[in-house]
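Student: I would like to learn how to read the strands and helices of a model. Could you take me through one, feature by feature?

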Amino acid sequence: MNRHTHQACTSFLAGKSAMIDGSTLIARNEDNFVAIWPKHAIVHPANEDRDLAFVSKGNQFATTLPEKAYHYTAVPDTDPSEGYFEESGINEKNVAMSATESAYTNSHVLGIDPLVDDGIAEDAMLTVVLPYIDSAQAGIQRLGQLVTTNGAAETNGVLFSDADEVWYMEIVSGHHWVAQRIPDDAYAVVANQLAIEDIDFDDGHNYLASAGIRQFVQENRLNPDGNRFNSRHIFGTKTIDDAHYNTPRVWYGHKLFTPSAFEDPTSQELPFIQHAEQKISVAAVEEFLGSHYQETPYDPLGTGTETEKHQFRAVGLSRTQNSHILQIRRNVAPALAGVVWQCLGNPAFSPYLPFYAQGDQVGDPYSADNQTYDGQNPYWANKLLNVLSEAHYHQNRKLLAAFQTQMQAAGYQRLQLGDQQTATTAADLGTFNAETAAELAQAIQVQTGKLVQANADLSELTFAMDAGL
C-alpha cells in the first residue's frame, strides 16, 4: 500500500454555553487521499514504557519526552512505519486534543520563515503533546514551544479542550503560531484553511501567540491591513482551490447551525467565530460531519446538474478514516467526564459510539491489527457498510436514515447507562467500553445484512419472466 499523507480534514469546535448539555466539544474528520487506510483505537496507560529520546519515523523530528506521562486514548495508523498519526484523544486530566487540520501558508511568509523539513508534523504531534498536559492552554504552550525551538514541518490547525475552555491553534509558518479561545457561547467550523482572524495581543484570556510574531510581521512588511492583525490575511491563502475545496464546507456548517447567516459558499471571508441559533447537540455535530450538502444542488448524491454535484468538496467522504467527537462533560464525576464518540469510516453512513476516555480499553477488536480485510474488524466492517450504503443510495434512503437514528439513540442510551455505574475504575470503564463496542458491532452486521438484501433486489442482472414465454 502506497503511503498517502493525511491532509484533507474538517473540524468543528463549540464552547460550553453553545452546547445543549454544557459540555465542551472538539470534533474532526480525519480524511486521507485514499479510501482505505486502516486505523485502530487504543489506550495508552500512564507512564508506559517508551523511548524518551523520541524520533519520528515520518521526518526524523526529534525531541526529549518528559518522564511522567498521563493515560490517554489515541487512534493511530495501523501501519506505523512512517509515523504514528495518533490523531485524536483524551488524557487522564480530561484534556482533549485533535491534530491536525491541514492548512496552507502563503508564499510570501514561507519565503521568509520556511517550514522545517525535520520540524514537528502531524504524525508525531498528539504523541509528544497529549500525554504531558493538564489543560487546553498547557497543550498550546507545549506545542508552541516545540514549534518555536524545533520548527514546524507543516502548516496545521490543532484543536484543544478541557472542561472549561475550547481553543484552536494554528501553526502559521516555520516557527510562528497563533491561538484563539472559542467563546463559550460560540462555535467554529474549519476546513483546510488558516481561519483565525483579528488577534488582540492585550487579551491573554482569549488569544495566545508565539513570541515575536508581531515584530516578525512588522519587520517583513507582511500585514496587508495596516493597523489590525488579521492572522488569516497575513499568513493565509485565497485561491480558487480554497473557494471550491474549503470554504463551502464552512458555509454548509454555518447553514446548518446558523440558517439566518445567508452566506456565499465561495466567500473567502466567512467568519471564524459563529453563533448557533439553537443549542448544539452531539447528534447535530455527527450529522454535520457526515454531511454532503443535502438539500442543495451541490450534493454529490443529489439531483443537481453534474457540474453542480461536483462543484464543491463534501464534508463526509469515502476517504474519511477516523471521525471523532471529543466531549468533556461538566455534570458528571471526573472519571465519566471525558467521552470519545468514535466513528471509523464515513459518518454519512457509519455510526458513532461513546467510549469513556478513562477506561483501560475500548475493546479488543478496536485495537487489533487490521492491515488486511476482516469483516469482523470495526474498521473494515464500517468500510463495507459505507460501500453498501452508497450503492443504491436513493432507493435505500429510508433504511439508511433509520439506522443513523437508531444508532444515535443507542449511543445516548449506552452513555446514560454508563453514567449510572457506581464502579468507575479504569478496569470497570474499560469493560463497559468493550460491551459498547460489541453491541455496535452486532448492529453494523445487522444493517449490512439488510443492505445486502436490498441491493441484491435492485441488481440490473435480473429478469422478469414473461407469462407468454
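Tutor: Gladly! Let us begin with a term: buried means under 20% relative accessible area, exposed means over 50%, and partly exposed lies in between, with a 1.4 Å probe and protein chains only. Helices (H or I, at least four residues) and strands (E, at least two) are DSSP runs, numbered from the N terminus. This is a predicted model, in which local features need pLDDT of at least 70 and side-chain atom pairs count only at pLDDT 80 or more, while totals for chains, interfaces and linings use all residues. Residues are numbered from 1 along each chain as its sequence is written, and side-chain values use heavy atoms, with hydrogens and water left out.

Student: Let me try that on a strand. How many residues of strand 10 are buried?

Tutor: In strand 10, 6 of the 6 residues are buried, so the strand is largely enclosed by the rest of the structure. Val 166, Tyr 168 and Glu 170 point one way, whereas Trp 167, Met 169 and Ile 171 point the other way.

Student: How do I read the pairing of strands, and which strands pair with strand 10?

Tutor: Two strands pair if DSSP finds at least two bridges between them. Strand 10 runs antiparallel to strand 9, joined to it by 6 bridges, and Glu 170 faces Gly 157 across that pairing. With strand 11 the sense is again antiparallel, over 5 bridges; here Tyr 168 stands opposite Gln 180. Both connections are hairpins: 4 residues link strand 9 to strand 10, and 5 residues lie between strand 10 and strand 11.

Student: In what order do the strands of that sheet come?

Tutor: The sheet is open and has 6 strands in the order 7-8-9-10-11-13, with antiparallel pairing. Its edges are strand 7 (88–90) and strand 13 (207–209), each pairing on one side only. Neighbouring strands are turned by 15° against each other on average, direction ignored. For such angles, axes are lines fitted to C-alpha atoms, for helices over the stretch in contact, and the angles run from 0 to 180 degrees between N-to-C directions. Another pairing inside the sheet joins strand 8 (residues 96–102) to strand 9 (residues 156–161) over 6 bridges, where Ser 98 faces Leu 159.

Student: Which strands does helix 3 lie across?

Tutor: Helix 3 (residues 136–150) lies across strand 9, strand 10, strand 11 and strand 13, running at about 10° to strand 10. Its buried residues include Ile 140, Leu 143, Leu 146 and Val 147. They pack against several elements, among them helix 2 and strand 5 (62–64), where contact means heavy atoms within 4.5 Å. Helix 2 (residues 122–129) itself lies across strand 7, strand 8, strand 9 and strand 10, at about 165° to strand 8. After helix 3 comes Gly 151, with a positive phi near 85°.

Student: What span should helix 3 have?

Tutor: The expected span of a helix is 1.5 Å times one less than its number of residues. For the 15 residues of helix 3 that gives 21 Å, and its end C-alpha atoms are 21 Å apart, which agrees. Helix 12 has 23 residues and should span 33 Å; its ends are 33 Å apart, so this agrees too.

Student: And how do I describe two helices that pack together?

Tutor: Two packed helices are described by the angle between their axes and the distance between the axes. The axes of helix 12 (residues 397–419) and helix 13 (residues 426–457) come within 11 Å and cross at roughly 170°. The two helices are therefore roughly antiparallel, given that angles under 35 degrees count as roughly parallel, over 145 as roughly antiparallel, 65 to 115 as roughly perpendicular and the rest as oblique. Among the contact residues are Phe 403 and Met 407 of helix 12 and Leu 440 and Ile 444 of helix 13.

Student: Which residues of helix 12 are buried, and what covers them?

Tutor: Leu 400, Phe 403, Met 407 and Arg 414 are among the buried residues of helix 12. Their cover includes helix 7 (282–289), helix 11 (378–390) and helix 13. Helix 11 is itself largely enclosed by the rest of the structure, because 10 of its 13 residues are buried. Trp 380 and Leu 385 are among these buried residues of helix 11, and what covers them includes strand 14 (320–328), helix 12 and helix 13.
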